[in-house]
Amino acid sequence: THTHTHTCTSRALSLVVSEEPVWRDPFYNGSVIKERGAVVLRLAKSWFRIGSLEILTRTGELDVLRTLLDFVIKEHFKSIGTNDPDKYVVFFSRVLNETAHLIAHWMSVGFAHGVCNTDNFSLLSITFDYGPFGFMESYDPNFVPNTSDDEGRYSIGAQANVGLFNLQKLLEALKPLLTSDQLSQSQQILREYPQIYHQRFHELFKAKLGFLGNEEKDSYVIAFLLKLMEDTGADFTMTFRQLSEVTLSRLQKGSFAPSLWALSDLSSHKHFRDWVQLYLQRLSR
């Protein structure tokens, strides 16, 4: 059986193409074209999302809300006891942890979902409903893959905060089923989200840089590199790829073969050598 991992995503099983023509606006920019219609059949362990619970609370269907939650917990959160009086708090805590980890994973590979509303956020932290998604090339926290998102609401750098907003909405949906003690417990869990997210982000980027163990300045070395990448527009994926391939002596010299073009872009920064010094010292330890 398929065990859940943080990089879990929905899958395309089949594509059915129709002879029937349809009008589409593929880039959401008003340039409408005629093309053949198609239906994609997608698979995931579950399609229940934060919005599935929100809508029931909004319409006051609390019996259905309880039935659905109990089903989701029994089916997909088997370690939570069905008779545990605090099961909804434990469920909320689990969803919060998994969501924080998922978004940290997105960030570690430069993935921008594109439309992070509550109806596109899975209760199982599966990546799904990513229509206008994109992978960031030049490092830019304001990268927006969705051309209809004029305000950059779902820019890559906003994803962690959007995750927190969606979890607040999840807690609002659960509120009618919680005692006042359980609600204050859950609010405390919500306050821990930034720390959980940053911890996971930190671990993933440390692994990308080849750091073993923990050192106080690791966060600084990571943030410093991302700032150099932002200032120089260095390619996100290829900077890490080439850092893993370059020899330490070549890195120290700061002169790169044409094949190491991302590092070459990065090395144009006036503080590049300062960062390399810190990086090499850290690796030597």
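Is Val95 buried or exposed at 0% relative accessibility? Val95 counts as buried, because buried means under 20% relative accessible area. Let's use this residue as a way into the structure, which is a predicted model.

## How confident is the model?

Start with the confidence scores. Across the protein the mean pLDDT is 95, and 98% of the residues reach 70 or more.

The picture changes over residues 1–6, where pLDDT stays under 50. For this stretch the model has 12 contacts beyond four places in sequence, so please read those with the low scores in mind.

## Helix H3 and Val95

Now back to our opening residue. Val95 lies in helix H3, which covers residues 87–108. With 22 residues at 1.5 Å a residue, H3 should span 32 Å, and its end C-alpha atoms are indeed 32 Å apart, so the two values agree. Of those 22 residues, 18 are buried, and therefore H3 is largely enclosed by the rest of the structure. After the helix comes Gly110, which has a positive phi, near 70°.

What does Val95 contact, leaving aside its neighbours within four places in sequence? The partners are Phe77, Leu123, Ser125, Leu167 and Leu170. Take Leu170 as an example: this residue is 75 residues away from Val95 along the chain, yet their C-alpha atoms are separated by 9.4 Å.

## The largest pocket

The largest pocket holds about 380 Å³ of space. You can find its lining by looking for Arg24, Asp25, Pro26, Phe27, Tyr28 and Glu35, together with Gly131, Pro132, Pro145, Asn146 and Thr147. Sorted by type, the lining has five nonpolar, three polar and three charged residues.

## The second largest pocket

About 320 Å³ of space lies in the second largest pocket. It is lined by 18 residues, and those closest to its centre are Met107, Gly157, Ala160, Tyr197 and Phe201.

Which elements give two or more residues to this lining? They are helix H4 (159–174) and helix H6 (193–209). H6 gives the most, with six residues. By type, the lining of this second pocket divides into 14 nonpolar residues, three polar and one charged.

## Looking back

Try tracing these features in the 3D view. Begin at Val95 in H3, and look for its contact partners, among them Phe77 and Leu123. Then turn to the pockets, with Arg24 as one of the residues lining the largest and H6 as the element that gives the most to the lining of the second largest.

Technical notes: Residues are numbered from 1 along each chain as its sequence is written. This is a predicted model: local features need pLDDT of at least 70, side-chain atom pairs count only at pLDDT 80 or more; totals for chains, interfaces and linings use all residues. Side-chain values use heavy atoms; hydrogens and water are left out. Helices (H or I, at least four residues) and strands (E, at least two) are DSSP runs, numbered from the N terminus. The expected span of a helix is 1.5 Å times one less than its number of residues. Buried means under 20% relative accessible area, exposed over 50%, partly exposed in between (1.4 Å probe, protein chains only). pLDDT is the predictor's confidence in each residue, from 0 to 100. Contact means heavy atoms within 4.5 Å. On a 1 Å grid over the protein atoms alone, a cavity is a set of points where a 1.4 Å probe fits but cannot get out, and a pocket is an open set with protein on both sides within 12 Å along at least five of seven lines; lining residues have an atom within 4 Å of a point. Grid points are joined across faces, edges and corners, and a volume is the space filled by probe spheres set on the points. Ala, Val, Leu, Ile, Met, Phe, Trp, Tyr, Cys and Pro count as nonpolar, Asp, Glu, Lys and Arg as charged, and the others, Gly among them, as polar.
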